[in-house]
Amino acid sequence: MKVALHACCGPCLIEPLDALAEIHEIVVVFANPNIQPAEEYKRRRDTLREWANERGLETVEAEYDPELWEAAVAGVRDQPGTRCRRCYTLRLRQTAAEGARLGCDALSTTLSVSPYQDGAAIDAAGRAAASERGLVWLFEDYRPRYPEATRRSREAGMYRQVYCGCPPSKAEADEERARRRAERRRR
Ligand code: SF4
C-alpha cells in the first residue's frame, strides 16, 4: 500500500519508518501546526527533511498555521488530555487530506513511538481521520522502539526538542525542569 505517514519530528520518524517501509511505499507528511514558535517549527521540519531526503524519501508539508491549532483547542488549552486528543485529530486529519490528494491507500503516524503521548487517543483519532478519507488506518504501538529511536537520533546528531510542541507544553516542560532542579538542590 501507499501510506501517508504523519511525522511529528525526525527522531520519531526513524523507527516507525523502518517498520513500515519494509512492506509499504511511504510518503512522509509533516503536519504539525501545533508547533510554536515558527523558528522551532522550521528547525524540526528541516531536521526531518534532511534525514528523509538523504534516504530518497518523498516528504510533504501540510499547511502551517498555528491558528488552526488554537481553534482546535479553544476552551481546553489548559486541559492536557482533551487538548492533546484534539491536537492529534487536527494533525491526522491534515495528513489524511494530503494522503487522499496524493492517492495514498492508508494513513499512519509516528506519534505512537513516544512514551509521552496517549496511544489509545492517537489510535482513535487516526481511525476517524482515515475513515473520513476512505483510507486504511495502520496503527502500531512503537513505544518499545523508543530507546532505539533515541539512540539512533543522538548518534545521527539530530536536533532533539525538549517539549512536545504547543505553547502550553513548553510551559509545562519548563515547569517540570525547574521542579527537578529545585529537587536536586534540596538533596
Ligand atoms: S502537548 Fe503535544 S500533543 Fe498535546 S496539544 Fe500540545 S503539542 Fe499537541
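Q: Helices and strands here are DSSP runs, at least four residues for a helix and at least two for a strand, numbered from the N terminus. So where does Pro37 lie in this predicted model?
A: Strand S2 covers 25-30, and helix H2 covers 38-54. Pro37 belongs to neither run, and its place is the loop between S2 and H2.

Q: Is the peptide bond from Gln36 to Pro37 cis or trans?
A: Most peptide bonds are trans. For the bond from Gln36 to Pro37, though, omega is near 0°, and that makes the bond cis.

Q: Which helix gives the largest share of the shell around the ligand?
A: The ligand takes up the space of the largest pocket. Its surroundings include Arg83, Cys84, Cys87, Tyr88 and Arg91. The run 80-101 supplies 5 residues of the shell, the largest share, and that run is helix H4.

Q: How many residues of the shell around the ligand are nonpolar?
A: Among the residues around the ligand are Trp69, Cys164 and Cys166, along with Asn34, Gln117 and Ser169. By class, 2 of the shell are charged and 3 polar, while the nonpolar ones number 6.

Q: At what angle do H4 and helix H5 pack?
A: H5 is residues 119-132, and the two axes are 9 Å apart. H4 passes H5 in a right-handed crossing. The contact includes Tyr88 and Leu92 of H4 and Ile122 and Ala125 of H5. The packing angle of H4 and H5 is about 35°.

Key. Residues numbered from 1 in each chain as written. Predicted model: local features only at pLDDT ≥ 70, side-chain atom pairs only at ≥ 80, totals over all residues. Heavy atoms only, no water. Near = heavy atom within 4 Å. 1 Å grid on protein atoms, 1.4 Å probe; cavity = no way out; pocket = protein on both sides within 12 Å on 5 of 7 lines; lining within 4 Å. Sits in = over half its atoms within 2 Å of the grid points. Nonpolar A, V, L, I, M, F, W, Y, C, P; charged D, E, K, R; others polar. Axes fitted to C-alpha atoms, helices over the stretch in contact; angles between N-to-C directions. Left-handed = near helix turned anticlockwise from the far one by under 90°. Contact = heavy atoms within 4.5 Å.
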